[in-house]
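Work through the two exercises below with the model open in front of you, and try each task before reading its solution.

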Amino acid sequence: LITAWTGGMTLGTIIAGRLRSRLLAPGIVLGLVVLGLGVAGGALSPTMWMAIAAYGIGGVGDGVQLVGARALLLQRAPAHLAGRACAVFTGATSGAISLGMGVSAFLVALLGVRGALLSAGVASIAAALAALLLGLHHLQGEPVPEMLPATTGTRRAGEHALIS
Amino acid sequence: MQRNPDHSPAAARPLRIATALQVMVAAGNGLAYVALALRVYQETHSTLAVTMVLLAGGLPVLLLAPVSGLLLDRLPMGRVLAVAGLMVAASLCGLALAHSLMATILLVLGFGVADSVLQPGLTAAIPQLAGEVSVLRATSRLQGATMGGTAIGPLLAGVLGSLGGTSTALFLDAGVSVLFSVGISTLGLRAARTSAPQGADDGMGAGLRYLRRDRPMGLLVVVVSVMLGFLGVTMVVELFLAERVLHEAPRAMPS
């Protein structure tokens, strides 16, 4: 299962690298949906081979979001903040994974193995749909201008790059 | 300009070297965590002890994010990453020799502190390494290398662990980290801090404040983190699925 996921992720990173800039954000949202479908598919699989196939597909989605989100962050964050922005991103994602691993035993006890996995998959799809509703598929990889003291009245300076 | 058949620019030497280094680092991380988890479990037979070791490696990445980010932005990036690589090497040498649980946890904590700089640093360095390749293509290349390394690491841990024991595997991994430190120093990464526009937010928490200000990007980080939280659940639950559910299915079918 882990090898299938990693293999899928490697394929996803290659696919993401070949996307056109304007397709990157929609690609991330689609990748998140595929990730959730892969996990949910794995949960519902009656045999190991079907679970492996589902995980391979889910891994592709994970690979696309992995590359896409980092590339967008690097393209949008001011150069002098790149290290701090990447550190916050890495910290948030690592913390989330640790938290998820921490509650997994509780979820298994509550919902059973398949139920816990299915709920994680469905919740992932729901999060991706929330991203769609928030318009995150319109994000563009354009640098966000630094908010200087004179312009602090512009509350959402970064939203200029959110093309609707 | 040299071009690939698909008309995208060829990767420059620094990006090619960084790709090889990324494979080594990811493989080394995978090797170290698998070898250590196995050793701790064999010595303690406690899943709590294994969890504590894994948390000691992972928590610094979250807790030290503001400090690590500031170091990466303010100090010469190549040197910061090289020092972090040497710190990993020192921790791994210590881990190869230490066997008590407390010493293991403290040394893994040291490993985690260095990793809190390496992980974001290798991402933040991408625009400097990309050269004429787009940031997206360079990110794809380096993350692909990470995945390749992640796949190789546990395999190496198994092979090296069975041939020469966990200590040999950890010493070899330490050697790889020293090689990484030397390699990263040759890539010509930024030697001086990038100057911030006058009056711009440039403090320790500026990374977090930037993500609040760039609301769409901040929301994307939240969504991706939530997703990865659920992925964290699946990372553990899939083991139960493989062992308890799917392996039992063929045996259950005839009855």
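**Exercise 1.** Determine how confident the predictor is in chain B, and where its pLDDT is lowest and highest among the elements.

*Solution.* Start with the whole chain: in this predicted model, chain B averages a pLDDT (the predictor's confidence in each residue, from 0 to 100) of 84, and 91% of the residues score at least 70. Next, go through the elements, where helices are DSSP runs of H or I with at least four residues, numbered from the N terminus: helix α4 (residues 77–97) of chain B has the highest mean pLDDT, 94, and helix α10 (residues 249–252) of chain B the lowest, 48. Finally, residues 251–255 of chain B stay under 50, and the model has zero contacts (heavy atoms within 4.5 Å) for them beyond four places in sequence. Where pLDDT is low, the predicted coordinates should not be read in detail.

**Exercise 2.** Describe the side of chain B that touches chain A, beginning with the number of residues in contact.

*Solution.* First, 74 residues of chain B are in contact with 86 residues of chain A. Second, two salt bridges are counted between the chains (a side-chain nitrogen of Lys or Arg within 4 Å of a carboxyl oxygen of Asp or Glu); B:D73 forms a salt bridge with A:R84, with the closest N and O atoms 2.7 Å apart. Third, among the helices of chain B that each supply at least two residues to this side are α2 (47–63), α7 (135–185) and α9 (215–246), and α9(B) gives the most, with 28 residues.

Residues are numbered from 1 along each chain as its sequence is written, and chains are lettered from A in the order in which they are written. Local features need pLDDT of at least 70, side-chain atom pairs count only at pLDDT 80 or more, and totals for chains and interfaces use all residues, while side-chain values use heavy atoms, leaving out hydrogens and water.
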